[in-house]
Amino acid sequence: MMLFGKVSQQLCGIKKLPWSCDSRYFWGWLNAVFNKVDYDRIRDVGPDRAASEWLLRCGAMVRYHGQERWQTDYNHLPTGPLDKYKIQAIDATNSCIMSIGFDHMVGLQHVEKIRLCKCHYIEDDCLLRLGQLENLQKSILEMEIISCGNITYKGIIALRHLRKSAGQSLGNHGKLSTFMKPGLLLRLHQQTREQEITKDI
C-alpha cells in the first residue's frame, strides 16, 4: 500500500511503450480499474479527498487552496478534517484519467484550474462531462489542453457552458490558440499543426 502511488505513476508511464494488442487491452483494463468510482468512499471521506486519491492514483497532481506545493504522492496525501483541503488546481499531465472516473469531480466546488497534457484517454465525451458539472461551471477560471490527440472541436464546444456568458469564441486545436470569455481562459495546443485559427460560435 505504501508504494501504491509510485507504482501507479510508473504503470501509467509504461503503458506508452509499444505492446501487443493483448497487452494494450490489459493496460486499458488496468487504467479502467484505477478510474473506477467508489461512491461509498466519496461519501465517507468527502469529494475532495476521494478525487485527490483518484487523480494521484492515475498519475495526476493536485494543489489545494492556500498551498503552493503540488501533491504528487498518493501515500503522502494530507490528513485532517474532511473540509480542510479543497482542490484548487489539477495537473493531469501524462496521466491515465478517463471519462469513467469523472464522477469523482461532481462534488468539487473550488477547482479553478485544470491542465490536460498528453492525456491519451481523454476524448470528447470527457470534455462534455466536464462542461456539464454545475460546480465546475461556477468555479473554473482556466483550462489548458495540450497534445490530447483524441480531442476534436466537438469536445471543445462542449466546454461552452463553463463560466456561462453571452459572448464567447473558440480557438482551434492548433499550435497555440487561446480564447477568453468573461471569467475563463482556455489554452489549446497541438504540436502537429502550425496555424492558429479562431472562430465564433
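Begin by selecting Q137, which lies in helix α6. The structure on screen is a predicted model. With a relative accessible area of 16%, Q137 is buried. Now add G131 to the selection: its backbone oxygen lies 2.9 Å from a polar atom of the Q137 side chain.

**Helix α5**

G131 leads to helix α5, which spans residues 124–132 and in which D124, C126, L127, L130 and G131 are buried. Display these five residues and look along the helix axis. They cover an arc of only 155° around the axis, and therefore sit on the same side of α5. Which elements do the buried residues of α5 pack against? Colour β3, α6 (134–139), β4 (142–146) and α7 (153–157), since these are the elements in question.

**Strand β3 and I114**

From that group, proceed to strand β3, where I114 lies. I114 is buried, its relative accessible area being 3%. Select I145 as well and draw the C-alpha to C-alpha distance: the two residues are 31 apart in sequence and 8.5 Å apart in space. Next, display the contacts of I114, leaving aside neighbours within four places in sequence; these are I90, M105, L136, I140, E142, M143 and E144.

**The loop between β2 and β3**

Select S95, whose place is in the loop between β2 and β3. Is S95 buried or exposed? At 0% relative accessibility, S95 counts as buried. Its side chain reaches the backbone oxygen of A92 at 2.8 Å. If residues up to four places away in sequence are not counted, S95 touches C58, G59, A60, C119 and H120.

Two residues of that list merit a separate view. G59, just after α4, takes a positive phi of about 95°. C58 is buried as well, with a relative accessible area of 0%.

**The cysteines**

How many disulfides does the structure contain? The count comes to zero. C58 is in no disulfide, and the nearest cysteine sulfur, that of C96, is 4.1 Å away. A disulfide is a covalent bond between the sulfur atoms of two cysteines; the cut-off applied here places the two sulfur atoms within 2.5 Å. Now select C117 and C148. The sulfur of C117 has its closest cysteine sulfur in C148, at 6.8 Å, which is too far for a bond. C117 is buried, with a relative accessible area of 8%.

**Helix α4 and its aromatic pair**

Return to helix α4 and show its side chains. Nine of the eleven residues of α4 are buried, so the helix is largely enclosed by the rest of the structure. The buried residues are D48, A50, A51, S52, E53, W54, L55, L56 and R57.

Keep W54 selected for the next step, which concerns aromatic rings. The count of aromatic pairs comes to two. In one of them, the rings of W54 and F102 have their centres 5.8 Å apart and their planes at 70°, so the pair is edge-to-face. W54 belongs to helix α4 (residues 47–57), whereas F102 is in the loop between β2 (87–91) and β3 (113–117); the pair thus links distant parts of the chain, 48 residues apart. W54 and F102 are both buried.

For the other pair, select Y64 and Y85. These residues form a tilted aromatic pair, with 5.4 Å from centre to centre and 55° between the planes. Y64 lies in strand β1 (residues 61–64) and Y85 in the loop between β1 and β2, so this pair ties together parts that are 21 residues apart in sequence. Y64 counts as buried at 2% relative accessibility, and Y85 is buried with a relative accessible area of 17%.

**The whole chain**

Finally, clear the selections and display the entire chain as a cartoon. The chain has seven helices and eight strands. Of its 201 residues, 47% count as buried. Among contacts between residues at least 6 apart in sequence, 62% join residues at least 24 apart. With the surface switched on, the view corresponds to an exposed area of about 10500 Å², of which carbon and sulfur atoms supply 54%.

How values were computed. Residues are numbered from 1 along each chain as its sequence is written. This is a predicted model: local features need pLDDT of at least 70, side-chain atom pairs count only at pLDDT 80 or more; totals for chains, interfaces and linings use all residues. Side-chain values use heavy atoms; hydrogens and water are left out. Helices (H or I, at least four residues) and strands (E, at least two) are DSSP runs, numbered from the N terminus. Buried means under 20% relative accessible area, exposed over 50%, partly exposed in between (1.4 Å probe, protein chains only). Contact means heavy atoms within 4.5 Å. Accessible areas come from the Shrake-Rupley method with a 1.4 Å probe; for residues, only the protein chains shown count as cover. Rings of Phe, Tyr and Trp (its six-membered ring) pair if their centres lie within 6.5 Å; planes under 30 degrees apart count as stacked, over 60 as edge-to-face and the rest as tilted. The arc is that of the directions from the helix axis to the C-beta atoms. A polar contact is a pair of N or O atoms within 3.5 Å; within protein, one must be able to donate a hydrogen and the other to accept it, and residues adjacent in sequence count only if both atoms are side-chain atoms.
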